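Student: Hey, can you walk me through this one? I'd like to start with the charged residues.
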Amino acid sequence: MQSKAFCNNFTNAPMFEHLKNKFPIEDQKWERYINCFNKLEVPSKTVLLNEGEISERIFFIEKGCVRCWFNRDGKDLTLQFFLEGGMVASIESFRKKIPSPVTIETIEPSVLWYVDKKDMDSILTELIEIPEIREKFIDILFERTFDYMKHFVSFIKDSPEQRYQNILKEKPQLIQRIPQHYIASYLGITSVHLSRIKNKMLK
């Protein structure tokens, strides 16, 4: 067990302030849980999990940006972006110990905190008994599933230009921070096509 002083250093980190506000947990439990968190500072383009591997960690983003993507015929397609305060993992792989369908990679130099599966399973076993906490976890999972579904439906019914306009309207911070080729990958088009869309919108 690490010292209480070490725990307090953790508690003062922005990431833990965010988590404490999101998940109201007793201080005694909180100090025990945060000893399961490990800090990781990595450069951009660091792969946290490869497609096909079994996910053994869940990541919490204190600073930076992370994307989930998969390979199709030699091209990468981006499924989702995660920014500060976000939690990212290949959930299906993490929970069921099956090969991950996605690669998880940093886009920017990032400060992350990760929890190993064994520790996370122990934490969830305790917290799932608290109705308020259980509801918050369910909300997070539904929110992520809804994002996937919304993105999938958009590919069917919307043009690339409409998908780009949706990002501008709903998530403008992505356009400001994320390189164009990743945005193009998220839209399912080439960088050249994206440039044409942007030029058309400027006219």
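Tutor: Sure, one term before we start: buried means under 20% relative accessible area, exposed over 50%, and partly exposed in between (1.4 Å probe, protein chains only). This is a predicted model, where local features need pLDDT of at least 70, side-chain atom pairs count only at pLDDT 80 or more, and totals for chains, interfaces and linings use all residues. Residues are numbered from 1 along each chain as its sequence is written, and side-chain values use heavy atoms, with hydrogens and water left out.

Student: Ok, is R67 buried or exposed?
Tutor: R67 is buried, because its relative accessible area is 3%.

Student: And which residue forms a salt bridge with R67?
Tutor: That's E105, with the closest N and O atoms 3.2 Å apart. A salt bridge is a side-chain nitrogen of Lys or Arg within 4 Å of a carboxyl oxygen of Asp or Glu.

Student: Why does that pair tie together parts that are apart in sequence?
Tutor: E105 lies in strand β7 (residues 103–106) and R67 in strand β4, so the pair ties together parts 38 residues apart in sequence. Strands (E, at least two residues) and helices (H or I, at least four) are DSSP runs, numbered from the N terminus.

Student: New topic: what does R177 form a salt bridge with?
Tutor: With E108, and the closest N and O atoms are 2.7 Å apart. R177 is in helix α8 and E108 in the loop between β7 and β8, 69 residues apart.

Student: How accessible is R177?
Tutor: R177 counts as partly exposed, at 30% relative accessibility, while E108 is buried at 19%.
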